[in-house]
Structures are given as C-alpha cells and as structure tokens.
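Q: I would like a close look at one part of this model, namely its salt bridges and the surroundings of the residues that form them.

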Amino acid sequence: MGYPGKNHKQYQTPKRPFELSRIEEETRLVIEYGLRNKREVWIAKGALRKYRKAAREIIALQSTGSEQVRVERKKEELIGSLQRSGMLGENADIDNVLALKVEQQLDRRLQTQVYRRGFARSPKQARQFITHGHIAIGGRRVTIPGYTVSAKEQEEITYSGSSPLVSDIHSERQRIAKVGR
C-alpha cells in the first residue's frame, strides 16, 4: 500500500509511446479542453478505467450467480455515483458505464464548466481565472482546474466574492459578454 503521506501517480503512461493516432487524439483533447499537458488526459483515462473495471466486476458477479442483493447494491452504488457526478443520465445501466468516453470525464472538470458557462473567453482563460482564485463554487473559492464538478455543484459556479471580476463594469467581463453574444 505504501506510505500514506507520499504522493502517488494518478495516471498510467501509454504502453506504446509513439503511436501516431493516440498522439493526435491526445493533442486534439489538450487543445480543445485547454489542458496543461497530456498527463491530464491520462488522469481522465485512468478515472474511466476505474469505472469500467468496476462495471466489468459487476457483470462478472452477475454471470457467476453470486448474491443477487450484493450485486444490485454494487450496481446501484456505481451508477448512482456517476449520476451524481453528472456523467450518466437518469435511466443508465452498466452498458452506459462501459460506453463512457474520455470527453465525458473532461467535460466534468471545473475548467471546462467555467468556459462552457460563459465565465471565460477560452479554456485557457478559464484555467487562469481558476488558478488565480477568481472562481467559486457555492461561495467557496476553488483553485484547482481539474476539480470534478458534480451535477449539483454545476449551478453554483460563480465569480469569487473577493475577485474584481464580480463587477459588471470590469473590462474583461465586458469582453466576455461581447464574445458570448
């Protein structure tokens, strides 16, 4: 298990480091979502890998005919967790968990949510606003661009109370408003 105070990698590097199609796809995602580097894509892929592994374990338990109550509880926990995070819809099942794409995971990042909700002109600017402390969720300042926003928290994203961007007459807010029209 290791020493709990030591930081551990949150990602796995690709098995084939020079595969052209994978490199192009990761580069597209880095540009589209304004990520710092490909490591952030690998972190998102790692999270999806974890969800898919749990779904495959549930399917394996169903096929072996083990305790049906335990299987259903695990299934409800996994799907409920993904629904609360906003990655799955209301009538989702295990097949939907296996069909998740990395884009769905990246869409739940605070950086992407800030850009899509119109608080910034670009994903890069959204990242800058977050790291500089201009964005808050439910009144609490969040400075982590990779923070996973739940479906409940999505509506609570605002400018931080101490940020100069709160004022409508701030020059950057006026530029954002022009781009949003």
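Is arginine 28 buried, partly exposed or exposed? Please start there and go on to the charged pairs.

A: This is a predicted model. Arginine 28 counts as partly exposed, because its relative accessibility is 35%, and the partly exposed class lies between the cut-offs of 20% and 50%. Its salt-bridge partner is glutamate 32, with the closest N and O atoms 2.6 Å apart. Glutamate 32 also counts as partly exposed, at 36% relative accessibility. Both residues belong to helix H1, which covers residues 20-33. They are four residues apart there, so about one helical turn separates them.

A second pair is formed by glutamate 40 and arginine 109, whose closest N and O atoms are 3.6 Å apart; the cut-off for a salt bridge is 4 Å. Glutamate 40 sits in helix H2 (residues 38-64), while arginine 109 is in the loop between helix H5 (102-107) and helix H6 (110-116). The pair therefore ties together parts that are 69 residues apart in sequence. Glutamate 40 counts as buried because its relative accessibility is 11%, and buried means under 20%. Arginine 109 counts as buried as well, at 8%.

A third pair consists of glutamate 172 and arginine 121, and here the closest N and O atoms are 2.8 Å apart. Glutamate 172 lies in helix H8 (residues 171-180), and arginine 121 lies in the loop between H6 and helix H7 (123-131). Parts that are 51 residues apart in sequence are therefore tied together by this pair. The two partners fall into separate accessibility classes: glutamate 172 is buried at 10% relative accessibility, whereas arginine 121 is partly exposed, with a relative accessible area of 35%.

Arginine 28 and glutamate 32 also take part in a network: salt bridges that share partners join Glu25, Arg28, Glu32 and Glu103. The structure holds twelve salt bridges, and the three pairs described above are among them.

For wider context, an unreviewed UniProt entry carries the annotation "domain: Small ribosomal subunit protein uS4 N-terminal" for residues 2-107. In the model, that span is 66% helix and 0% strand. The C-alpha atoms at its two ends lie 32 Å apart.

Definitions and conventions
Residues are numbered from 1 along each chain as its sequence is written. This is a predicted model: local features need pLDDT of at least 70, side-chain atom pairs count only at pLDDT 80 or more; totals for chains, interfaces and linings use all residues. Side-chain values use heavy atoms; hydrogens and water are left out. UniProt positions are given in the numbering used here, feature names are shortened, and annotations may be inferred rather than shown by experiment. A salt bridge is a side-chain nitrogen of Lys or Arg within 4 Å of a carboxyl oxygen of Asp or Glu. Buried means under 20% relative accessible area, exposed over 50%, partly exposed in between (1.4 Å probe, protein chains only).
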